[in-house]
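Work through the exercises below with the sequence and the coordinates open side by side, and try each task before reading its solution.

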Amino acid sequence: MLSKRAYKLVLLFIMLSHAIKSSGQGLQFGSNDSLMSKRTSYQVFKEDLPTFYDRLVISFDLSLWDNQHLGYILNLTDDKGNSYSLSAIYNQGSFLNFNIDSRSNKLSIPLADAMLKRRKWFKVIVDLDLKGDKVGISINGKWYRATELGFTGKITAKIAFGKNEHYSDVPNMAIKNLVITNSDKTYNFPLNEWAGNDVFTNDGDNLGHVDNPAWLINESYFWKQKFVHTFNEVAGINFNEKTEQFFIFKRDSLMLYDTERDAVWSKPFKNRLEVPLHLGKSIINLKENKCYLYEVLRAPQPAPSIASFNLDSLNWDFYGKSTIMEQRHHHNIFYDKDFNSFYLFGGYGSFKYYNNFFKYDKATDNWQKQNFTGDVINPRFFSAASTADQNNDVYIFGGYGNQSGNQVVGGMHYYDLYRVNLDKHTIKKLWEIKPDEEAFVPANNLIVSKDKQFLYVLCYPHERPKTSLRLYKFSIKDGSYQVVSGTIPVISERIETDHNLFYNSKQDVFYCATQEFETPEQSTIKIFALTAPPVSQEAYMNAHGPRKHSFTLYRILGGASALLLIFGIVVFFLRRKNDDEEPVPVISDQSMIPQDEEKVVDNKANAVYLLGDFTVCDKNKRDVTYLFSPKIKQLFILILLNSREKNGVVSKKISTTLWPDKDVVKTKNIRGVTINHLRNILSDIDGLELAFLNDTYSFIITDDFYCDYFVVRDSLKQNNGNEPAVLSHFDLVARGGLLQHIPEMWLDDFKQDYEETLMPVILPVIKKVYDAFDYKKALEISRIVLSIDPFNDTGIKFKLKSLRRTKGIEHARKIYEEFSAEYEKSLGEEYPVPFEKICSNKSDQR
């Protein structure tokens, strides 16, 4: 029998487990809005149902946003056929009902409308006193109780959430952090799976099964596009956190996107905006309930440069004419904590970077230059700024510029953090770091975490026209950071293009608004959402990696101590993808898997592809190329290529190759960190073990490991360079040259050796496949030849002849003209073979 003290300990454990461990992202259910076959059914124990004596406590976090349907949240069916359910219904208010199914309603629990929001979690505890024949249900700590349930002291029950054997009605809901316990046994289900139908306990036991799941961890790692619209005139965008709505303003109207309802509509302004729009920058004054639009550089004709409109009445009611003399692209704008004045910092214009602070005085219609004491922020643009906190402190992070401010001198990336106090007019530099990855800049806004310990910033390589944004999490204390999201692909061809980060504290959702300018007037605005808390790349990979049983400390101590220990571990981060990889596309609703991680190719397990695009697949055939940052990729390739026929790479060579501009002694730490990252990635690849002996790193390679370059190289050697070596592995050769998109000088000898071995074998093959009427393969082989030797006579000859046969003589002539022009441009003379000689009927006679 369970004593009162033991019962209290059970409930205390549940409270502690929820308070300490919050890693579970949750499971969302397909509801009555879906076809019956698509509704979610979660069986907590799919087989070997446990028997509970005296008491059974079921605890979980619930998010419920259904104000239309009757739906079943939880169902217990015992071995005698008795059925008990917890259901939700909206009938002039929302209620949770606990029923003895087909017999009676035992509890009806009201829920406040404020609780009925997606991702608004509240704790539910269902306490079944099997001995006392009672039930208690707690909603956020408030208890409701009933008696006479028909319990007999023990229960062996099917426990199901959502659709079950009795009912198919499912409300709009999600659950997480499920704990099922009594004094003898405890099952903890974090519900942090990423895909699939199996549900694991915290200890790695595969106990549950779910049909039609939507795993919420995906929404905390992959950005989801919510809105897109192209405008043929300059438009500006901002986010009203009070109404949870984005608004996009043009001169005559306002377009709104409601994040909670996922709805879009437009409204006309009461009066037309008189400010000519160039960049469309704006800032919201929450105290006045107004949005201020401003243009730093006024139009040539006399016109106002600042205006405001009331967010409710949509009436433009203030105009100012003050400007700053120069344009300030990618500056920062922020209010003081009392919303009395807004400040402008930095930016770029007239070939200069700036570090001035200006304050706009509405009463005098004047941008007043502000002076600050303390540390100096070097001139820059592309920095990120926070809103002012209760101390009137604003954080400014990163950017691009130089000490002089003169663009002619060149520029550098800054990765530093400053705290600017708007009361005392002081600046304090908090830290500066040097990330070992591709250079990046932050987007405009940065978000301070609720506990004031971290900064969230969108960062991206701004010097690439096709680039990608990712969310970074920086420590305010020391600058250590993690990448905590997938990518958002963006096009940044024009300097007007702008990206902003917002946070909806009511829904705990990050939003990214991108505005891509195609011309000075035309732009496309997109809005993306990421559910908080965001998931680091390592945490995401752990969630969908193979499950392992954990140490039994969790079970021995009831969970609390183990959870505290786990909570204290600091996870390392994995670097962003390099230039060669495409940005992560939008995830399809079907697979919930990013396209660049699940390429539609016949990947092998434990495979590395070095021909063409660099690709790595783990033991589950999953493409994990994106885990390789530029430095990790270089380190991996350097050791791999030197391990097959050589004895590996000494530490000094690794340092001088990967960090040639640094002293070897000073690279010891960064080299060790990079090697440790590589070891962690390789833990999911069988047949490849990184060894270190006599200051030399090498790979121990077994038959489980596959490398396309090694296969082709061995075949060429074994066949003494004969044609069968190429034809038998043509699909591999056709992928492209050896590491063709990685232009590192230290790879030149490897590439030259491969090309010199391949070319004598592949050239005779072209004519044979062409003569066999296989024009498609002839084109493929000629492409390979020309990728190695762009002006190879045999390669261009059979490319043109094959094109003439497949696409016609005019298309072939066009390709010839492009080839000839490039030949003359590169070699300084005309290509000596005329088109007619290559593609005449006579030349094609057999």
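**Exercise 1.** Which strands does helix α5 lie across, and at about what angle does the helix run to β49?

*Solution.* The model is predicted, with local features needing pLDDT (the predictor's confidence in each residue, from 0 to 100) of at least 70, side-chain atom pairs counting only at 80 or more, and totals for chains, interfaces and linings using all residues. Residues are numbered from 1 along each chain as its sequence is written, and side-chain values use heavy atoms, without hydrogens and water. Start from α5, residues 630-641, which lies across β47, β48 and β49 and runs at about 75° to β49; helices are DSSP runs of H or I with at least four residues, strands runs of E with at least two, and angles, from 0 to 180 degrees, are taken between N-to-C directions of axes fitted to C-alpha atoms.

**Exercise 2.** Determine the strand order of this sheet and its edges.

*Solution.* The order is β47-β49-β48 in an open, antiparallel sheet, where pairing requires at least two DSSP bridges. Next, β47 (649-650) and β48 (688-693) each pair on one side only, which makes them the edge strands. Finally, six bridges join β48 to β49, residues 696-701, and L690 stands opposite F699 in β49.

**Exercise 3.** Describe where confidence varies along the protein chain.

*Solution.* The mean pLDDT of the chain is 83, with 87% of residues reaching 70 or more. Confidence is lowest in helix α3 (residues 553-556), at a mean of 34, and highest in strand β36 (residues 426-432), at 97.

Conventions
Contact = heavy atoms within 4.5 Å.
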